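Me: I would like a close look at one part of this protein. Take me through it strand by strand, then show me what lies around it.

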Amino acid sequence: MKLIRFGPVGDERAGILDADGARRDTSAFGEDWDEEFFGSDGLSRLTQWLEEHHAALPRVADDVRWASCVARPSKIVCIGLNYRDHARETGGAIPVEPIIFAKSTSSLVGPFDDLWLPPGSTKTDWEVELAVVISRRTSLVAEADAMNYVAGYALHNDYSERAFQLEHHGQWFKGKSWDTFAPLGPWLATCDEIPDPHSLKLWLTVNGERMQDSSTAEMIYGVPFLVSYISQFMTLLPGDVISTGTPAGVGLGFKPPRYLVPGDVIELAIDGLGTSQQRAVAWEARPGA
Ligand code: ZN
């Protein structure tokens, strides 16, 4: 099953994506794809409900905005330097334990929304990533049991302002959290659709030029290990998002580095998780500014 959300900012609704590509409005189900939904066995309840109601679901018009595929979670936990080639290009050592950092949940946006470059930004960068969505509350979960707590997967662009992240002292949180820095989707694919999350091609282009081109097979730490590892330090709640790190080819890794400017178009994809696209816009030029 593929879960989607749609509609204007602040008035998003829940839906599903059919195999033929049609978006269907599941408002009649009465729930959003959020902590309460996932935490109350919502995926099973929805599957059952659809058996009776699928045929009658209204179709979502093509021009309606795609929203983030899950509602704002309690946290977005990211993994740093989880691809060997990316660790090398940043000059960082291969981590002996996963590096984890947070991204603000207010950075979450739809997969085709504009990227708003922060005021004063000169070093905004891209990162195509496989995101994992948690299905049930867990802490201290064993690696062997961890997949029982995964609802599914989504495409994520972990945008980063490198000056904020690396030149302003302290944690990476500062450089990862601006509004629009976490386009998630177009859809959440449930685990049955992605039998092996460690063999997915992923890529990213800027203005059509291929920047990142890799496979999740290159990840240092896999999904069950990461879920288990993070749960040693915090309780994971239903709907929480874990972003599993990015392969080589980010702007920071070029010599000299290459960063985004207004007008740039960023496109990215992962096997089975669709394609997303963002256009970089100066903060001052955003709609309503
Ligand atoms: Zn990242």
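Which residue stands opposite glutamate 267 in E19?

Reply: Glutamine 277 in E19 stands opposite glutamate 267. Bear in mind that this is a predicted model. That pair is a good way into the sheet.

Start with the two strands on either side of the pair. Strand E18 covers residues 265-270, and strand E19 covers residues 274-282. E18 and E19 run antiparallel and are paired over 6 bridges. A further facing pair here is alanine 269 with threonine 275 in E19. E18 and E19 form a hairpin, with 3 residues between the strands. Glycine 272 in this hairpin has a positive phi near 80°.

Now step back to the whole sheet. It is open and has 5 strands. The order is E8-E19-E18-E15-E16. Pairing is mixed. The edge positions belong to strand E8 (115-117) and strand E16 (209-215). Each of these two has a single partner strand, so one side of each has no neighbour in the sheet. On average, neighbouring strands are turned by 20° against each other, direction ignored.

Go out from E19 to the E8 edge. E8 and E19 run parallel and are joined by 3 bridges. Leucine 117 faces alanine 282 in E19. So E19 takes part in two kinds of pairing: parallel with E8, and antiparallel with E18.

Next, go the other way, from E18 towards E16. E18 is joined to E15 by 5 bridges, in the antiparallel sense. Leucine 202 has isoleucine 270 in E18 as its bridge partner. Strand E15 spans residues 201-206. E15 is joined to E16 by 6 bridges, and these two strands are antiparallel as well. Across that pairing, threonine 205 stands opposite arginine 210 in E16. E15 and E16 make a hairpin too, with 2 residues between them. In its turn, asparagine 207 has a positive phi of about 50°.

That last angle deserves a remark. Most residues other than glycine have a negative phi, and most peptide bonds are trans. Asparagine 207 has a positive phi. Histidine 169 is another case: its phi is positive, about 70°, although it is not a glycine. Histidine 169 sits in the loop between H4 and helix H5 (173-176). There is also a cis peptide bond to check. It runs from lysine 255 to proline 256, with omega near -5°. Proline 256 belongs to the loop between strand E17 (241-243) and E18. That loop brings you back to E18, one of the strands of the sheet.

Now the surroundings. The domain assignment gives domain 1 (2-56) and domain 2 (76-285). Over C-alpha atoms, the centres of domain 1 and domain 2 are 24 Å apart. Their contact takes 8 residues from domain 1 and 13 residues from domain 2.

Both domains also help to line the largest pocket. Each of domain 1 and domain 2 supplies at least three residues of that lining. The volume of the largest pocket is about 390 Å³. Its lining counts 19 residues. Nearest the pocket centre are Val9, Glu12, Arg65, Leu108 and Val109. By type, the lining has 7 nonpolar, 5 polar and 7 charged residues.

The second largest pocket holds about 190 Å³ of space. It is lined by 18 residues. Leu81, His86, Thr90, Gln165 and Trp172 lie nearest its centre. Here the lining divides into 6 nonpolar, 7 polar and 5 charged residues. Strand E5 (76-80) and helix H4 (162-166) each supply at least two of the lining residues. H4 gives the largest share, 3 residues. H4 is also the helix on one side of the loop that holds histidine 169.

To retrace the sheet on screen, begin at glutamate 267 and glutamine 277. Move through E19 to the edge strand E8. Then return through E18 and E15 to E16 at the other edge.

How values were computed:
Residues are numbered from 1 along each chain as its sequence is written. This is a predicted model: local features need pLDDT of at least 70, side-chain atom pairs count only at pLDDT 80 or more; totals for chains, interfaces and linings use all residues. Side-chain values use heavy atoms; hydrogens and water are left out. On a 1 Å grid over the protein atoms alone, a cavity is a set of points where a 1.4 Å probe fits but cannot get out, and a pocket is an open set with protein on both sides within 12 Å along at least five of seven lines; lining residues have an atom within 4 Å of a point. Grid points are joined across faces, edges and corners, and a volume is the space filled by probe spheres set on the points. Ala, Val, Leu, Ile, Met, Phe, Trp, Tyr, Cys and Pro count as nonpolar, Asp, Glu, Lys and Arg as charged, and the others, Gly among them, as polar. Domain bounds come from an automatic or database domain assignment. Helices (H or I, at least four residues) and strands (E, at least two) are DSSP runs, numbered from the N terminus. Two strands pair if DSSP finds at least two bridges between them. Axes are lines fitted to C-alpha atoms, for helices over the stretch in contact, and angles run from 0 to 180 degrees between N-to-C directions. Contact means heavy atoms within 4.5 Å.
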